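Here are some short exercises on a single protein chain. Have a look at the model first, then work through each solution at your own pace.

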Amino acid sequence: MNTLRKMVKNNKGATAIEYGLIAALIAVAAIAGMNSLGGSLNTAFGTLGAKVGDNIK
């Protein structure tokens, strides 16, 4: 009976799973943000590079 009570009181596994889920959600949000921002940054740096290249020639 004491073993059963110890198992019910043990929350370490549930806490680890919760932290894992939070980390996974943060990773998904970061990847989504980088993907949406990546295209516009590529365009901006491409335009800037072209303007700098034109001024150097």
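**Exercise 1.** Find what share of the protein chain is buried.

Solution. Buried means under 20% relative accessible area, exposed over 50%, and partly exposed in between, with a 1.4 Å probe and protein chains only. Buried residues account for 0% of the 57 residues in the protein chain.

Before going on, note that this is a predicted model, where local features need pLDDT of at least 70, side-chain atom pairs count only at pLDDT 80 or more, and totals for chains, interfaces and linings use all residues. Residues are numbered from 1 along each chain as its sequence is written, and side-chain values use heavy atoms, leaving out hydrogens and water.

**Exercise 2.** Place Ile56 and classify its exposure.

Solution. Start with the helix: Ile56 belongs to helix α2, residues 12-56 (helices are DSSP runs of H or I, at least four residues, numbered from the N terminus). Next, Ile56 has a relative accessible area of 69%, so it is exposed.

**Exercise 3.** Do likewise for Ser40, then find its side-chain partner.

Solution. Ser40 also sits in helix α2. Its relative accessibility is 40%, so Ser40 counts as partly exposed. Finally, the Ser40 side chain reaches the backbone oxygen of Leu37 at 2.9 Å.

Note on methods
Helix = DSSP H or I, 4+ residues; strand = E, 2+ residues; numbered from the N terminus. Polar contact = N/O pair within 3.5 Å; in protein donor to acceptor, adjacent residues only side chain to side chain.
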